[in-house]
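Biologist: I should be grateful for a close look at one part of this model, with an account of how its pieces are placed. Please write for a reader in the first year of study.

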Amino acid sequence: MRPDQTTQSKRPSLAVEIAGIRLRNPVMPASGTFGYGEEYAPFLDLEDIGAIVTKGLSLKPKAGNPTPRIAETISGMLNAIGLQNVGIDAFKKHKIPFLRTLNTPVIANFFGNTLEEYGEVAERLEDIPEIVAAELNISCPNVKQGGIVFGTDPKAASEVVRLVRSKLSKPLIVKLTPNVTDITVVARAVEEAGADAICCINTLTGMSIDIRTRKPRLANRTGGLSGPAIRPIAVRMVHQVVQAVSLPVIGVGGIVRAMDALEFLIAGATAVQVGTANFVDPSAMITIINGIEEFCIEEGIDDINQLIGSLR
Amino acid sequence: MKNYRTKIISNQEISPGYYRMRILAPGFGKKARSGQFVMFRVQRSLPPLLRRPFGIFRTGFLPPDCDDMPPTEYVEILYKRVGRGTTIMAELHEGDRVELLGPLGNGFDLTSSGGEKILVGGGIGLVPLYMLASELVDNNSVRLLMGGRTRDDILAVTEFERLGVETYVSTDDGSLGEEGLVTQVLERKLQKYPDAEVFACGPMPMLKAVREKCLEYQAPLQVSLEEFMACGVGACLGCVVKGVGHTDETPSYLCTCTAGPVFKAEHLDWTGLGNNDSECGGCS
């Protein structure tokens, strides 16, 4: 990543733009797999990645679920962390001072248990200048409406995006759940409601059972499946969403290697997020960025934007 | 802490189902403290997807092949073959490429030096106690109480003896040492050494019994815990345990990887411990 001047002129440009945010390259962490950034500072240069995406933030601190919270499955993992986080106020006080020192855009992922909470967090994010964009997690149950997940109902999804949009002038990325019959319906709904970009996919709901104890492996019984196991589904859904809306799309789901990230870019994602792979290899994103650059050189591509959406 | 892309020096079965792996790790020893751990990965192997956490047994140097070469620094882990990950590990050989992230976590607190120290290990829970013993022997009187189901679960006792540690072995079936639970031995030692400090690592039922005895005899206790974890660096939040005073309204979840794996017993909510009754993650 640090070539001398003579080779620099021949290097392909990896810079992309999403909803007005310029990224030095299209690779960023998926929310919930990278803490608040500082956890990974010992293992990679945080100024080498395209952006930092925080753990999902809520109005009040959230304790999360009982344990066991994670279980490994074939080529994947199930998690039911329960969105444990320090809360927006502690984030501002204790996590922003570190993030402020970095020359890398910070995207804050956030969620609420009610429509009102979504609105309040959005208002507070608006007031944190270090946050360049917000990523809205709508894969949460609406506590006030019988626990129906906002993101599985186009009407509820539209409502929450509209509310957040009214409180937030910063670029708004909406992260979609794949646990729906037709993801393009929700994608179109959030586009109409004012989203600036779409991120897909969140985890797929799954379950694993210990046959000896006959108990679910997770205390929460079910959890979100991530990792390479879900990648083909994610690529398919990104492809569908890219066709359905005119917003930029951030592709996420099971990216471990550069070639995985390239699939998403070719399918039309403007940027990608790396999730579970950060757990396996804390410098995975650096390896992926270097691999994308090598691929561009091999293919004679001098600007990554030539590759994006180049599916034949 | 650092991610070592390195290779195996040796990997041997030391007792049925138990293995000792020595891994090349330059510069590891001066950063590592007793009670810390590593996240281990078989390079280029998918599955298993996630790394596995292992306690550090010890670090050391191998003499060089010839005089003008530097000595070879290594880290050693002991592990039990229980699931898919450790079964793959058991089949690795000298020279095989592996990755090691570490040293990670908080080790044992050795600030109250001097006096009687009692180390209690159950089966593979013995692992973090060796480095602890080697750090304690110079200034303390150190005793190791080692328990297991059968003689096969009793590991590395002679190595502790070589450090100058007095060792007591107990097995459930009496096939080695005293027949019965390690806590029986602990009770006798606490009666004899009322000012002793206790350090324990092993299965949760053993840790709970050790804690009961330490409460009874008012002995300070530090325990090393094991939990499923994906990252080892405080990001996944998969390995949390409840801290003392935890309630649904005022929750206190502590990451085993960063707040632990060693905890002072009084900092934990013991009622919430031991939910993970599977021996492995079950990815096989």
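Modeller: The account below concerns chain A, with a closing look at its contact with chain B.

The model is a predicted one. Let us begin with helix α6 of chain A, which covers residues 231–244. This helix has 14 residues, and the distance from its first C-alpha to its last is 20 Å, close to the 20 Å expected at 1.5 Å a residue. Its buried residues are Arg231(A), Ala234(A), Val235(A), Met237(A), Val238(A), His239(A), Val241(A) and Val242(A). A general point about helices helps in reading such a list. An α-helix has 3.6 residues a turn, so residues three or four places apart point the same way. The elements that cover the buried residues of α6(A) include two helices of chain A, α5 (183–192) and α7 (258–267), and two strands of that chain, β12 (197–200) and β17 (249–252).

Beyond strand β12 of chain A comes a loop that leads to β13 (204–207), and Ile201(A) has its place there. A cis peptide bond joins Cys200(A) to Ile201(A), with omega at about 20°. Another cis peptide bond lies between Thr67(A) and Pro68(A), where omega is about 0°. Pro68(A) belongs to the loop between β4 (52–53) and β5 (70–73) of chain A.

A pair of helices in chain A comes next. The axes of α3 (residues 115–126) and α4 (residues 154–167) come within 8 Å and cross at roughly 30°. Because of that angle, α3(A) is roughly parallel to α4(A). The crossing of α3(A) with α4(A) is right-handed. On the α3(A) side, the contact is made by Leu115(A), Tyr118(A), Gly119(A), Ala122(A), Glu123(A) and Glu126(A); on the α4(A) side, by Glu159(A), Val160(A), Leu163(A), Val164(A) and Lys167(A). These residues divide into 6 nonpolar, 1 polar and 4 charged.

Finally, Phe279(A) brings us to the other chain. This residue is found in helix α8 (residues 276–280) of chain A. Phe279(A) is buried, because 27 other C-beta atoms lie within 10 Å. Its C-alpha atom is separated by 8.3 Å from that of Phe34(A), although the two residues are 245 residues apart along the chain. Leaving aside neighbours within four places in sequence, Phe279(A) is in contact with Thr33(A) and with Leu50(B), Ala230(B), Cys231(B) and Cys236(B). Across the two chains, 29 residues of chain B are in contact with 35 residues of chain A. The side of chain B that touches chain A has 18 nonpolar, 8 polar and 3 charged residues.

Technical notes. Residues numbered from 1 in each chain as written. Chains lettered and ligands numbered in written order. Predicted model: local features only at pLDDT ≥ 70, side-chain atom pairs only at ≥ 80, totals over all residues. Axes fitted to C-alpha atoms, helices over the stretch in contact; angles between N-to-C directions. Helix = DSSP H or I, 4+ residues; strand = E, 2+ residues; numbered from the N terminus. Parallel < 35°, antiparallel > 145°, perpendicular 65-115°, else oblique. Left-handed = near helix turned anticlockwise from the far one by under 90°. Contact = placed C-beta atoms within 7 Å. Nonpolar A, V, L, I, M, F, W, Y, C, P; charged D, E, K, R; others polar. Expected span 1.5 Å × (residues − 1). Buried ≥ 20, exposed ≤ 12 C-beta atoms within 10 Å, placed from the backbone.
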